[in-house]
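Trainee: Please take a close look at the salt bridges of this protein for me. I would like to see where the partners sit and how far each is covered, with enough of the surrounding fold to place them.

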Amino acid sequence: MTTRGRIVVAGARLNCRGGDSREDGWIASRPFSSDVAVGHCIGGNGVDEIHGVAPAKDGSVWITGLTGSRDFPVTIGGPGKQPDYDTQAFIANVDPVSGAIRFATLLGTDSTPRRDISRGYAVAVGADGSIFATGETTGAQLLLPTKGAFREGQIFESTDVYLVKLR
């Protein structure tokens with residue numbers, strides 16, 4: 001994707017930080033006018049993956065994915081808790097040049113030994129600046145729906161899609 005004259009890509013890879021075998025999310029960007037890219041690892045001490053990236057009007061990017069890191073760098077408390085066993089979806093706003101995380105929160109509730117998960121797969125920015133993220137959640141009540149939603153209850157150990165809106 002592109003934002004403010006830069007090409008931005010994101011994903012996940014082993015040894016992003018070098019010297020260890022964990023998988024981290026990464027984001028890389030380069031100006032259209034240069035062959036030099038800058039890259040940054042994003043995550044904690046567990047498995048972290050970035051699956052979705054979208055440009056913001058200010059040149060930053062919104063990302064979503066999954067984390068299994070108890071020390072994932074959240075900037076604000078939200079509905080999610082640090083994962084105990086499996087993965088939690090996250091949504092974050094990142095400066096693609098410096099790698100600075102401006103905002104990050106987890107989505108879903110605490111994972112349990114039943115192997116409940118939530119994962120973020122795509123993110124988009126609306127014309128009014130609203131942030132939308134979608135993904136999947138498996139387990140009992142990982143992401144609580146709003147009253148009047150298409151489906152208000154999650155069946156134990158079923159996998160359902162979710163759509164959240166920030167702002």
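Mentor: A residue is called buried when its relative accessible area is under 20%, exposed when that value is over 50%, and partly exposed in between. By that criterion, buried residues account for 44% of the 167 residues in the protein. The model is a predicted one, and every value that follows should be read with this in mind.

The fold comes first, as the salt bridges are placed by its elements. The protein has eleven strands and zero helices, so in this case an element is a strand by the DSSP assignment of helices and strands.

Now to the salt bridges themselves, of which there are three when a side-chain nitrogen of Lys or Arg has to lie within 4 Å of a carboxyl oxygen of Asp or Glu. Arg102 is bridged to Asp58, with 2.9 Å between the closest N and O atoms. Since Arg102 belongs to strand β8 (residues 101-107) while Asp58 is in the loop between β5 (48-55) and β6, this pair ties together parts that are 44 residues apart in sequence. Both partners fall in the intermediate class of accessibility: Arg102 is partly exposed at a relative accessible area of 43%, and Asp58 is partly exposed at 42%.

Arg102 also meets the side chain of Asp95 in a salt bridge, at 3.4 Å from N to O. Here the acidic partner is covered, for Asp95 has a relative accessible area of 18% and is buried. Taken together, Asp58, Asp95 and Arg102 are linked in a network of salt bridges, and Arg102 takes part in the bridge to Asp58 as well as in the bridge to Asp95.

The remaining bridge joins the side chains of Arg119 and Glu136, at 3.1 Å from N to O. This pair links distant parts of the chain, with Arg119 in strand β9 and Glu136 in strand β10, 17 residues apart. Arg119 is partly exposed, at a relative accessible area of 28%, whereas Glu136 is buried, at 17%.

The strands that carry this last pair belong to an open sheet of three strands, ordered β9-β10-β11 and paired antiparallel. Its edge strands are β9 (117-125) and β11 (159-166), each of which pairs on one side only; neighbouring strands of the sheet are turned by 20° against each other on average, with direction ignored. Strand β10 (residues 131-138), where Glu136 lies, runs antiparallel to β11 and is joined to that strand by eight bridges, and Thr138 stands opposite Thr159 in β11.

For contrast with the charged contacts, consider the aromatic ones, which number two when ring centres have to lie within 6.5 Å. In one of them, the rings of Phe72 and Phe90 have centres 4.7 Å apart and planes at 35°, so the pair is tilted. Phe72 lies in the loop between β6 (61-67) and β7 (88-94) and Phe90 in strand β7, so this contact ties together parts that are 18 residues apart in sequence. Both rings belong to buried residues, Phe72 having a relative accessibility of 3% and Phe90 one of 1%.

Technical notes: Residues numbered from 1 in each chain as written. Predicted model: local features only at pLDDT ≥ 70, side-chain atom pairs only at ≥ 80, totals over all residues. Heavy atoms only, no water. Phe/Tyr/Trp six-rings, centres within 6.5 Å; stacked < 30°, edge-to-face > 60°. Helix = DSSP H or I, 4+ residues; strand = E, 2+ residues; numbered from the N terminus. Buried < 20%, exposed > 50% of the residue type's maximum accessible area, 1.4 Å probe, protein only. Pairing = 2+ DSSP bridges. Axes fitted to C-alpha atoms, helices over the stretch in contact; angles between N-to-C directions.
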